[in-house]
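Colleague: I have a list of assignments to check. Take me through the reasoning behind each one, please.

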Amino acid sequence: MKIRSGHLYLFVLLSFVITLLLYGCDDKDRKKGLNKELTEGTISADSVVIKSAEKKLEQFYKLLQESDYKTCVEFFKEELFTTVGKESLVKALEQRNSAMGKPDNFKVIYDYIDLFQDKDTVYYFIIRVFNSMGGMCYEKFGIENVGKDYVIGRYEYSPAPYVDEKMANDGRSEINQFLNRFYAGMNSKDYDKIMKLTDQSIIEKFGKENFIEIIKDKLEGYLKISDFIVRSVKVEIVSGIIYVEMSIDVEDSEKSVFKESIVLIDRLGTYYVANYNRLTEDDKANSDEVVLTDEQYGKFKKEVGLFYENLSSNNVEAIMSKFDNSVFQNTDYGLMKDYILTRINKYGTPSNTEKTKHITRSANGFVVVDFYFTVANSKSVVTYEKISIAYSQQTDFKILGYEYSEKPIK
């Protein structure tokens, strides 16, 4: 996943059961060769751009720490003063400090180049930020070179990391480096290394000696992993804990390919394994996908239609009343409301919606349908949106999550 202000991402709350399962695969399930068509390589900014951006970010965070929001806003691209407005930018920065705490120190953990709308080169920097109270958040800056000066064209923040498939497959990223260390430990059967990479809650659950015996027993038939590709990444916050769930194709020394699932916990910027599972056909059959009748699906469709009716008529209060209370355990009610208001102020109200897909699943006692839309808006900007409609007999229909972006949402 995602919670953003300005572009606050809202993370859908899901239940999560931590287990450590190491399943083997029958010979009949094996495929030969690892298909590497998935990801395109990412390009890093050159050292001059990186140094210039870091200097600019140091100044920005110092001013943010001092709550000098008006001066902070001057770091943004001038075009935003017209499209968003200085007052809205100031308010967004105030809310950032209120939600995440004043920044104490930061570290650039990843960067890449993107060609925005096929014309403007944007240098993206993903930052890990700690506040003076020991809390942490992640921020994403889109830096542009305008008039021989580097300015902020795009800015997001989130309590959870920004991770996607491209980043997870890039050797420069922390996630990819962690996976390489994890598989190196598995290959060498270095149980001490595996334990150091495993979340302490797992060790405590099984006990150190039992944990080692479980690993030894399950790894006995595994050949060395020679290569891997991350196929999908999902980020969730559950009970205040950040989980990064990845679906991975691994290739062993005999060129046999297996599907694996690895879940990491982000403990203040350090990753640990919470779940590792080599999937079998039975695992795939027992997934959390739910099948609905046409009549049942129609009721979910009616609810999402009502959401967009309220959004089109600027009826924000009606939208807020439909959110499940669990959403506000991790997202302040005011921030959520402002997130929706910001969407309307920036893009206008929806003039046309086109559903691109939907996914049905079960989560935390709910049946959930995730709807993905391409939305045309009154301010002539297309947005990509995801809304999660949930149903249970106790609560009837509720909204578990909503997000929007100028880029397709995965």
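Colleague: What makes the pair Asn377 and Arg343 a polar contact?

Modeller: The side chains of Asn377 and Arg343 are joined at 2.6 Å. The cut-off for such a pair of N or O atoms is 3.5 Å, so the contact of 2.6 Å qualifies. Keep in mind that this is a predicted model.

Colleague: What does the side chain of Asn377 have 3.4 Å away?

Modeller: The backbone oxygen of Val375. That oxygen lies 3.4 Å from a polar atom of the Asn377 side chain.

Colleague: Why is Asn377 called buried?

Modeller: Its relative accessibility is 6%. Buried means under 20%, so Asn377 counts as buried.

Colleague: Where is Asn377 found, and which residues does Asn377 touch?

Modeller: Asn377 is in strand β11. Leaving out residues up to four places away in sequence, Asn377 touches Arg343, Tyr347, Gly348, Thr349, Pro350, Ser351, Val382 and Thr383. Of these, Arg343 and Tyr347 are among the buried residues of α13, and Gly348 follows that helix with a positive phi near 85 degrees.

Colleague: How do you know what span to expect of α13?

Modeller: The helix has 15 residues, and the expectation is 1.5 Å a residue, giving 21 Å. From first C-alpha to last, α13 reaches 22 Å, which is close.

Colleague: What is found at the start of α13?

Modeller: A side-chain oxygen of Asp332 comes to within 2.9 Å of the backbone nitrogen of Gly334. The polar cut-off is 3.5 Å, so this pair is within that limit.

Colleague: Which strands does α13 lie across?

Modeller: β10, β11, β12 and β13. The helix runs at about 45 degrees to β13.

Colleague: What makes β10 and β13 the edge strands?

Modeller: Start with the order. Four strands form an open sheet, β10-β11-β12-β13, with antiparallel pairing. β10 and β13 each pair on one side only, and these are the edges. From one strand to the next, the twist averages 20 degrees.

Colleague: How do you know that β10 and β11 pair?

Modeller: By counting bridges. Pairing needs at least two. β10 and β11 run antiparallel and are joined by 12, so they pair. One partnership is Ser362 with Val367 in β11. Their hairpin has two residues between the strands, and Asn364 takes a positive phi near 55 degrees there.

Colleague: How many bridges join β11 to β12?

Modeller: There are 10, and the two strands run antiparallel. Val369 stands opposite Ile389 in β12. Helix α11 packs on this sheet too, touching β10, β11, β12 and β13, and its direction makes about 40 degrees with that of β11.

Colleague: Which residues of α11 are buried, and why do you put them on the same side?

Modeller: The buried residues are Tyr297, Phe300, Glu303, Val304, Phe307, Tyr308, Asn310 and Leu311. They cover an arc of only 165 degrees around the axis, so they sit on the same side of α11. On the other side, Asp294, Glu295, Lys302 and Glu309 are exposed.

Colleague: What do the buried residues of α11 pack against?

Modeller: Two helices, α12 and α13, and the strands β10, β11, β12 and β13.

Colleague: What span does α11 reach, and what follows the helix?

Modeller: α11 has 19 residues and reaches 26 Å, close to the expected 27 Å. Asn314 follows, with a positive phi near 60 degrees.

Terms used:
Residues numbered from 1 in each chain as written. Predicted model: local features only at pLDDT ≥ 70, side-chain atom pairs only at ≥ 80, totals over all residues. Heavy atoms only, no water. Expected span 1.5 Å × (residues − 1). Buried < 20%, exposed > 50% of the residue type's maximum accessible area, 1.4 Å probe, protein only. Arc of directions from axis to C-beta. Contact = heavy atoms within 4.5 Å. Polar contact = N/O pair within 3.5 Å; in protein donor to acceptor, adjacent residues only side chain to side chain. Axes fitted to C-alpha atoms, helices over the stretch in contact; angles between N-to-C directions.
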